Amino acid sequence: MRLKEKTHRKFVEFFEKISTMYQGKDFELAYSDIQRETGAASVTLKRAIQALAEDGVIEVQPGRNSRYARFRYLLATPDLKDNSPNAPSTEIHEPEDLSNHESTRYGGVPESMTEEVSELIQLVDHLKRRVRNQEMAIALLQDRLAEIEDKLRKR
């Protein structure tokens with residue numbers, strides 16, 4: 001099963017972006033979220049995920065239900081591989097020594113803290129997008145319900 005190059009590239013870039021957001025760890029996504037972000041049809045989505053898994057780009061496992069799957073991006077960038085839990089660490093961090101050994105930014109804020117804040121901002125933005133999408137879905141369902149109620153009243 002072969003995908004068009006543009007579609008293949010789009011999905012690889014999407015999974016790379018999400019993997020970066022989760023720092024190279026496994027992540028669970030709804031198929032609908034992937035479909036929304038990539039703009040692909042559901043059939044294309046299934047084919048793309050299967051093709052990427054066969055190509056060794058991602059690893060797919062069942063998620064919490066049939067609408068979700070757990071993914072692992074296997075083509076991690078070098079800086080993500082260095083931060084993976086399996087990579088040997090040459091640094092030893094003790095809680096009391098963190099402020100003395102880490103480089104600081106923004107007036108004395110540790111660099112790792114700014115990275116954590118940026119990760120939290122990304123997660124909040126992702127949640128905001130999901131909430132907006134759910135609000136739109138609810139609005140569409142309410143409109144449809146109103147149409148059905150109008151038809152019932154006319155009868």
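This report walks through the fold of a predicted protein model, from its overall layout down to a few single residues.

## The big picture

Start with the parts list: the protein has six helices and five strands. Going along the sequence, they come in the pattern α-β-α-α-β-β-α-α-β-β-α. The chain has 155 residues, and 22% of them count as buried.

Contacts that reach far along the sequence feature strongly here. Take the contacts with a separation of 6 or more: 52% of them link residues 24 or more positions apart. As for the outside, the accessible surface comes to about 11,500 Å², and carbon and sulfur atoms account for 53% of that.

## A three-stranded sheet

Three of the strands build an open sheet, in the order β1-β3-β2, and the pairing is antiparallel. β1 (27–30) and β2 (58–62) each have a single partner strand and stand at the edges, so one side of each has no neighbour in the sheet. From one strand to the next, the twist averages 35 degrees.

Now for the pairings themselves. β1 and β3 (residues 68–73) run antiparallel and are joined by four bridges. Along this pairing, Phe-27 sits opposite Phe-71 of β3, and Glu-28 sits opposite Arg-70 of β3. On the β2 side, five bridges hold β2 and β3 in an antiparallel pair, and Glu-59 has Arg-72 of β3 as its bridge partner. The link between β2 and β3 is a hairpin, with five residues joining the two strands.

## Helices against the sheet and each other

Helix α3 (residues 42–55) lies across β2 and β3, and runs at about 120 degrees to β2. α3 also packs against α1, with the two axes 10 Å apart and an angle of about 75 degrees between them. An angle from 65 to 115 degrees counts as roughly perpendicular, so that label fits α1 and α3.

Which residues make this helix contact? From α1 come Thr-7, His-8, Phe-11, Val-12 and Phe-15, while α3 brings Thr-44, Leu-45, Ala-48, Ile-49, Leu-52 and Asp-55.

## The nonpolar core

In soluble globular proteins, nonpolar side chains tend to be buried together. In this model, the largest nonpolar core has 22 residues, and those with the most contacts inside it are Phe-11, Phe-15, Ile-34, Ile-49, Ile-58 and Phe-71. Two or more residues come from each of α1, β1, α2 (31–38), α3 and β3. The top contributor is α1, which gives six residues.

Several of these names have come up already. Phe-11, Phe-15 and Ile-49 also take part in the contact between α1 and α3, and Phe-71 is the residue opposite Phe-27 in the sheet. Ile-34 is worth a look on screen: leaving aside residues up to four places away in sequence, Ile-34 touches Phe-11, Phe-14, Phe-15, Leu-29, Leu-45, Ile-49 and Phe-71.

## An unusual backbone spot

Most residues other than glycine have a negative phi. Gln-23 goes the other way, with a positive phi near 55 degrees. Where is Gln-23 found? Look in the loop between α1 (5–21) and β1. Gln-23 has 38% relative accessibility, so Gln-23 counts as partly exposed.

Terms used: Residues numbered from 1 in each chain as written. Predicted model: local features only at pLDDT ≥ 70, side-chain atom pairs only at ≥ 80, totals over all residues. Heavy atoms only, no water. Pairing = 2+ DSSP bridges. Axes fitted to C-alpha atoms, helices over the stretch in contact; angles between N-to-C directions. Contact = heavy atoms within 4.5 Å. Buried < 20%, exposed > 50% of the residue type's maximum accessible area, 1.4 Å probe, protein only. Core = buried A, V, L, I, M, F, W, Y, C linked by side-chain atoms within 4.5 Å. Areas by Shrake-Rupley, 256 points an atom, 1.4 Å probe, with all protein chains shown as cover. Parallel < 35°, antiparallel > 145°, perpendicular 65-115°, else oblique.
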